[in-house]
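Biologist: I'm new to this one. Could you show it to me and let me ask how you arrive at your labels?

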Amino acid sequence: MDAKHSHHVQQAHYTPLPEHPSLAGPTATRRRPFKGFAVVIVSALFLVSMVALIMNQSQKPLEKPAEKDGLSPLMSKNRSFSEQPRGVAQGVSAKSNPSLSEELSYNWTNAMFSWQRTSFHFQPERNWMNGPLFYKGWYHLFYQYNPDSAVWGNITWGHAVSADLIHWLYLPIAMVPDRWFDINGVWTGSATILPDGQIIMLYTGDTNATVQVQNLAYPADLSDPLLLNWVKYSGNPVLVPPPGIGKKDFRDPTTAWIGPDGKWRVTLGSKIGKTGVSLVYKTTDFITYHLSDQLLHAVPGTGMWECVDFYPVSINGSKGLETSVNGPGVKHVLKASLDDTKVDHYALGTYFVENDTWVPDNPKEDVGIGLRLDSGRYYASKTFYDQNKERRILWGWINETDTETDDLRKGWASVQTIPRNVLFDKKTRTNIIQWPVEEIETLRLNSSEFSEVLVGPGSVVPLDIGTATQLDIFVDFEVEAVESEESEDDDVGCGGGARERTKLGPFGLLVIADDSLSELTPIFFRQHNSTTNGGLTTFFCADETRSSIAPDVLKRVYGTHVPVVDGERLSLRVLVDHSIVESFALGGRRVITSRVYPTQAIYGAARLFLFNNATSVNVKATLKIWQLNSAFIHPFPFDNTY
């Protein structure tokens, strides 16, 4: 039911954003409540397997041995690291946070660990995970998974299905590392549905000689909607590192696309020296391949590219495009996960199918040096085309920022983001926009609304919505000057976080905060007068530095510049799910994912606030807030007919 009573808000002056503020003040007007609505089931095919990786070799075909059984974000200054992350010594990207000295260890309780587990983000029942496909009524999520422990290692393909991208059912493991060509790990892969209905799965394997190779797999029974059994092609590997490419630098095949010549193309990530590159292979049967004479693209200084993604977007339409679409009215997104920085970068450009090359629209914002998919805790993303709803859906991986010791104690690690719809931004025409899939709205419960809540300079305003651990928040901000603006340039970007005061910011939300504000996570805007163009520049930020009093977690300030088109109000949408906060600015023009580990602001003690730490502006906020239900994420009921 929707709440009917009015909510009261309070505000009080304070100096730096709350060290120990007091709260008191006026009442906000609450408008009529909104209710959630149900959405339809989807159909698409896509497999994402995140964070692949591995080793070193030359072009000679591999001999088959006898088979055996079997970021630029700011880091807080309150912690120091002592050990190399797990996975690096094995020749893969980091899969853990380094250990911390014992004196920094926090006395976590089981209740704290239990609260950290999300309620509507996908994660396995237990242990370590890190990737999806749609077939016969089911979305299939394949993800890298360690069935034996909550730390990286023994990487297999976990498997789950969903009818709506929100509620998930766990299935038996899809593939295990049991052949010489993948004995050290079944890594990242992608699925392609052929015109005759066959499903082709290409994936990276780590061989017994620690060489990265590409392997072919396919369903054993296409009549099975759950695709429970998979067959590895007996002639694997189908691709080995070509001359000039290291054994550890050849991974993560994309979904294939077909050209006008009838040949399929697949691109993989690699590097040549310090230059990140995307290789292109052509094939007609997915067994024999020809390496293109030219690279799809390369950017000097960006290092190893992994989890490359390549897909078209319509510059005029409002729907997604199938992966093979090209021509007038189409731009192509090229995205790479940078192994050196653990950041997902993308750029918009033009794909020339005649020579399989891609050219960025703006070389100054090329892959790896410009736009980020998500400026927060986010990596190894992959899209798929949902042909049922004609949309392109993006998934990403959120890893832990606590210690391995904590992960082992709680028994699980890592989470998938909420799936996001991807479109070309027709207002700026320089970026994509990302927005949570509409199916998330089926989880909405009670709603609250607040109209034009005044938040004066140096104020914190509590929002009386009850427990604030599972929320869908919409907020628009109107900024009003309270003194004449000066032309000085107070540009500090996201600076040291929400404590740092300037004339025009920061202002925004405090999520996962307790009543005393001993723990809080600000999601905010900061504006400044630019001396270069005479206008306002806007930054969108998330500050984790006071998200937890525990010292043994990574706490950063994340942020990015966000374009604001004339006439637009500053707006946010924030999804709060316990320890995960996904924030979308200006309709999804920029996104920040946060991973937080509070000790006080948990369960019924979690609260939501507005704040304004600017010195020279009032802010009026209008909000719509839904409490969200938990998703159904359980083992598949095999005792029932499916």
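## Strands, rings and charges

Modeller: Sure, and keep in mind that this is a predicted model. Let's start with one spot: Val333 stands opposite Leu348 in S18.

Biologist: How do you know that strand S17 and strand S18 are joined?

Modeller: Pairing takes at least two bridges, and seven join S17 (residues 330-338) to S18 (residues 343-352), running antiparallel. Both belong to an open sheet of four strands, in the order S16-S17-S18-S19.

Biologist: What makes S16 and S19 stand at the edges?

Modeller: Strand S16 (305-314) and strand S19 (357-360) each have a single partner strand, so one side of each is left without a neighbour in the sheet.

Biologist: Why is the pair of Phe310 and Tyr351 called edge-to-face?

Modeller: The ring centres are 5.3 Å apart, and the planes stand at 85°. Centres within 6.5 Å make a pair, and planes over 60 degrees apart make it edge-to-face, so Phe310 and Tyr351 earn the label. Phe310 is in strand S16 and Tyr351 in strand S18, 41 residues apart. Both are buried.

Biologist: And what makes Phe524 and Phe611 edge-to-face?

Modeller: Here the centres are 6.2 Å apart and the planes at 75°, so that pair is edge-to-face too. Phe524 lies in strand S30 and Phe611 in strand S36, so the pair ties together parts 87 residues apart in sequence.

Biologist: How do you know that Lys410 lies over the face of Trp412?

Modeller: A charge must be within 6 Å of the ring centre and within 35 degrees of the ring normal. Lys410 is at 4.4 Å from the centre and counts as lying over the face. The charged end of Arg117 sits over the ring of Trp412 as well, 5.4 Å from its centre.

Technical notes. Residues numbered from 1 in each chain as written. Predicted model: local features only at pLDDT ≥ 70, side-chain atom pairs only at ≥ 80, totals over all residues. Heavy atoms only, no water. Helix = DSSP H or I, 4+ residues; strand = E, 2+ residues; numbered from the N terminus. Phe/Tyr/Trp six-rings, centres within 6.5 Å; stacked < 30°, edge-to-face > 60°. Buried < 20%, exposed > 50% of the residue type's maximum accessible area, 1.4 Å probe, protein only.
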